[in-house]
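Colleague: Could you walk me through this model and the terms used to describe it?

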Amino acid sequence: VELQRRHTHSVKAVELLEPMGESPELAQAYVQLGDHAAHGHGLKSSAVPLMEKGLTMAEGLGDGMGVMQAARLLGHVLVYHTGEIERGLDLCYRACEEARRMNNPVGLSQAAINLSREYASLRDPEGALRWAEQAVKASEETGMLQGRIISTLAVALALVLRGDTAEALSRLETARQLAGQSGIELSQLTSEVTFTVVPGRVHVFLGEWQQAETE
């Protein structure tokens with residue numbers, strides 16, 4: 001329901017902004033619309049062209065924030081949805097570079113979490129762990145608890161994939177403590193579905209099926 005609502009808003013944004021010419025807002029609307037299409041809201045074949053259009057517009061406008069977000073989201077779609085792994089990873093790296101250039105720890109944390117997720121999906125635990133740890137470091141600079149929780153879960157997932165279940169449990173407990181400070185449950189972090197399932201996956205790897213079912 002939430003994604004459908006966002007998709008509707010993005011469609012309206014494009015309709016309103018296109019007659020006004022190029023702008024950072026229009027570039028962002030193209031990227032969001034393409035991202036929604038990739039995830040099942042709208043025509044899937046339009047996803048990459050829309051996102052590329054938004055990225056190109058942001059580049060032409062010199063909009064570093066727009067380039068960072070477009071590269072991050074398009075990179076994920078290319079790796080996870082279309083199988084263009086090398087190009088997708090290059091765009092994810094570019095998002096990190098843009099974040100560093102702008103001294104934007106929030107953007108760097110988001111981009112590093114993306115890269116950790118991509119490497120996890122490619123079953124590369126070392127790559128996933130390397131970027132998850134960078135995400136933790138960046139998120140600590142922001143002081144934002146949600147970013148710290150998600151990046152800590154990303155570390156736990158990478159550790160599970162590497163077989164370090166004891167350390168993964170330790171990181172999982174850290175994430176729970178951070179969530180407690182913010183007054184939320186880990187399962188409520190719907191902004192990053194990939195990592196909300198980490199607690200269950202950790203317990204599955206340990207053979208703790210009953211505990212896994214309750215996570």
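Modeller: Happy to; we take the overall make-up and then one helix pair. This is a predicted model, where local features need pLDDT of at least 70, side-chain atom pairs count only at pLDDT 80 or more, and totals for chains, interfaces and linings use all residues. Residues are numbered from 1 along each chain as its sequence is written, and side-chain values use heavy atoms, leaving out hydrogens and water.

Colleague: How many helices and strands does the protein have?

Modeller: There are twelve helices and zero strands; helices (H or I, at least four residues) and strands (E, at least two) are DSSP runs, numbered from the N terminus.

Colleague: What share of the residues is buried?

Modeller: Buried residues are 47% of the 215 in the protein, where buried means under 20% relative accessible area with a 1.4 Å probe, protein chains only.

Colleague: Why are helix 2 and helix 4 called roughly parallel?

Modeller: The axes of helix 2 (residues 24-38) and helix 4 (residues 64-82) cross at roughly 20° and come within 10 Å. Angles under 35 degrees count as roughly parallel, so helix 2 and helix 4 earn that description. Their crossing is left-handed.

Colleague: Which residues of helix 2 and helix 4 meet?

Modeller: From helix 2, Val-31, Asp-35 and Ala-38 meet Ala-70, Leu-73, Val-77 and His-81 of helix 4; contact means heavy atoms within 4.5 Å. These contact residues divide into five nonpolar, one polar and one charged. Ala, Val and Leu are among the nonpolar types, Asp is among the charged ones, and those outside both lists count as polar.

Notes. Axes fitted to C-alpha atoms, helices over the stretch in contact; angles between N-to-C directions. Parallel < 35°, antiparallel > 145°, perpendicular 65-115°, else oblique. Left-handed = near helix turned anticlockwise from the far one by under 90°. Buried < 20%, exposed > 50% of the residue type's maximum accessible area, 1.4 Å probe, protein only.
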